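Biologist: Please take one part of this model and look at it closely. Start from the whole chain, then work inward and tell me what surrounds that part.

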Amino acid sequence: FEITGELMNLITIIKKIDNKTTRPARKTLESMWRWKRLTFNEAPPIFGNSKPKSGSHLLLQVLNGFTQIMPYAYTQAEPIRTIRYFGGKRTQEEISADLNAIPKGVIGWGYIEATPENLKFLNQPGRVNFFNYRDPRDVLVSHVFYATDMHKLHQLHELYNSLPDFGSRLKVAINGIDRDGMRMVGVRGRYDAVFRWLDTGNVMCLRFEDLINNRESTLNGMLDYIENSTGYKIPTPRSEAIPILVKAIQPRKSHTFRGGRTGDWRSHFTEEHKKMFKEAAGNLLVELGYEKNNDW
């Protein structure tokens, strides 16, 4: 089948009315033009998963880059969430329905837990799964900035803004809260789900810090994982694929971008915060490989 100029004219028309409704059709048509094909069933299904405030939009940019080097129609615009944007936990039935609704040839992503139902879906033969996590100290700092300044509907937005300074907000984030209808687990509880993913097969776990500081080797590892775990041969030569993926990573284009740095916690943690974190988290940083001991 030969893709003609008429298809490009249709893409141009759709771009003029671009919104969330027309995006899938536009992206599919653009991919048909790029890959000169009508269907996208060859490349293995991919799902990119992340712990919130751990560089999910960095991972999303990599997934978008995949559509430039492998025949995928597009990456889904909206994540599959465990926690609703306005607060409150979604049911497993809702999450499972979202997972099953991902079209063939489309890359999915989100923030989901390692429940038996989710694992049963993601561990199907031939699927590829990535999970992204980050230094818990940087996650806490990012969370406080996000809930205080960016997400005005966050359940802790008003509380954080009622506190006198960043340090007092960080204390709440470290220990968690359960009062007046507000509930957030402490730092140790936040990472229970991370360990479940680290202990799960058929998933490549990625550290945010490696995507920032060891980018090319990490991207090569992701492509190796796709090929080795599924037997699929990526059609774009590695010498071309890696520069395309590196170019796709532009943290400043994320709507939640603040700094995109690693180790930013050092600018915000006082000795009191460090002591409080160690009491709340125990050996968490050692278990995750971020510290050799608790003398940091």
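Modeller: Start with the contacts. Among those between residues at least 6 apart in sequence, 72% join residues at least 24 apart in the protein chain. Keep in mind that this is a predicted model. The protein chain has 296 residues, and 52% of them are buried. Its accessible surface is about 14900 Å², with 50% belonging to carbon and sulfur atoms. The secondary structure consists of 15 helices and eight strands.

The part I pick is strand β4, residues 106–111. Six of its six residues are buried. In a regular strand, side chains alternate between the two faces of the sheet. Here both faces are covered. One side carries Val106, Gly108 and Gly110, the other Ile107, Trp109 and Tyr111, and all of these are buried.

Now the strands that pair with β4. Strand β1, residues 46–50, runs parallel to β4 and pairs with it over three bridges. Within that pairing, glycine 48 has tryptophan 109 as its bridge partner. Strand β2 covers residues 74–75; two bridges join it to β4, again in parallel. There, threonine 75 is matched with isoleucine 107. Strand β3, residues 80–81, is also parallel to β4, with two bridges between them. Arginine 81 has its bridge partner in tyrosine 111.

Threonine 75 deserves a stop. This residue lies in strand β2. Its relative accessible area is 1%, so it falls under the 20% limit and is buried. Leaving aside residues up to four places away in sequence, threonine 75 touches Arg23, Leu60, Leu63, Asn64, Thr67, Ile107 and Trp109. Two of those names, Ile107 and Trp109, sit on one side of β4. The side chain of threonine 75 also has polar neighbours. One of its polar atoms lies 3.4 Å from the backbone oxygen of leucine 63. A 3.2 Å polar contact links its side chain to that of asparagine 64. For a wider reference, take threonine 28, which is 47 residues away along the chain. The C-alpha atoms of threonine 28 and threonine 75 are 9.9 Å apart.

Back to β4, and its rings. Two aromatic rings are described by the distance of their centres and the angle of their planes. With ring centres required to lie within 6.5 Å, the count is 11 aromatic pairs. Tryptophan 109 and tyrosine 111 form an edge-to-face pair, because their centres are 5.9 Å apart and their planes meet at 65°. Both residues are buried.

A stacked pair makes a useful contrast. The ring centres of phenylalanine 131 and tyrosine 133 are 6.4 Å apart, and their planes are at 15°, so this pair is stacked. Phenylalanine 131 is buried, at 3% relative accessible area. Tyrosine 133 is buried as well, at 8%. Phe131 and Tyr133 belong to one aromatic cluster with Trp197 and Tyr290.

Finally, rings facing a charge. Lysine 36 places its charged end over the ring of tryptophan 33, 5.1 Å from the ring centre. Lysine 278 lies over the face of tryptophan 296, with 4.8 Å to the ring centre.

To sum up β4: the strand is buried along its six residues. Parallel partners are β1, β2 and β3. Its tryptophan 109 and tyrosine 111 pair edge-to-face.

Definitions and conventions:
Residues numbered from 1 in each chain as written. Predicted model: local features only at pLDDT ≥ 70, side-chain atom pairs only at ≥ 80, totals over all residues. Heavy atoms only, no water. Phe/Tyr/Trp six-rings, centres within 6.5 Å; stacked < 30°, edge-to-face > 60°. Buried < 20%, exposed > 50% of the residue type's maximum accessible area, 1.4 Å probe, protein only. Lys NZ or Arg CZ within 6 Å of the ring centre and 35° of its normal. Helix = DSSP H or I, 4+ residues; strand = E, 2+ residues; numbered from the N terminus. Pairing = 2+ DSSP bridges. Contact = heavy atoms within 4.5 Å. Areas by Shrake-Rupley, 256 points an atom, 1.4 Å probe, with all protein chains shown as cover. Polar contact = N/O pair within 3.5 Å; in protein donor to acceptor, adjacent residues only side chain to side chain.
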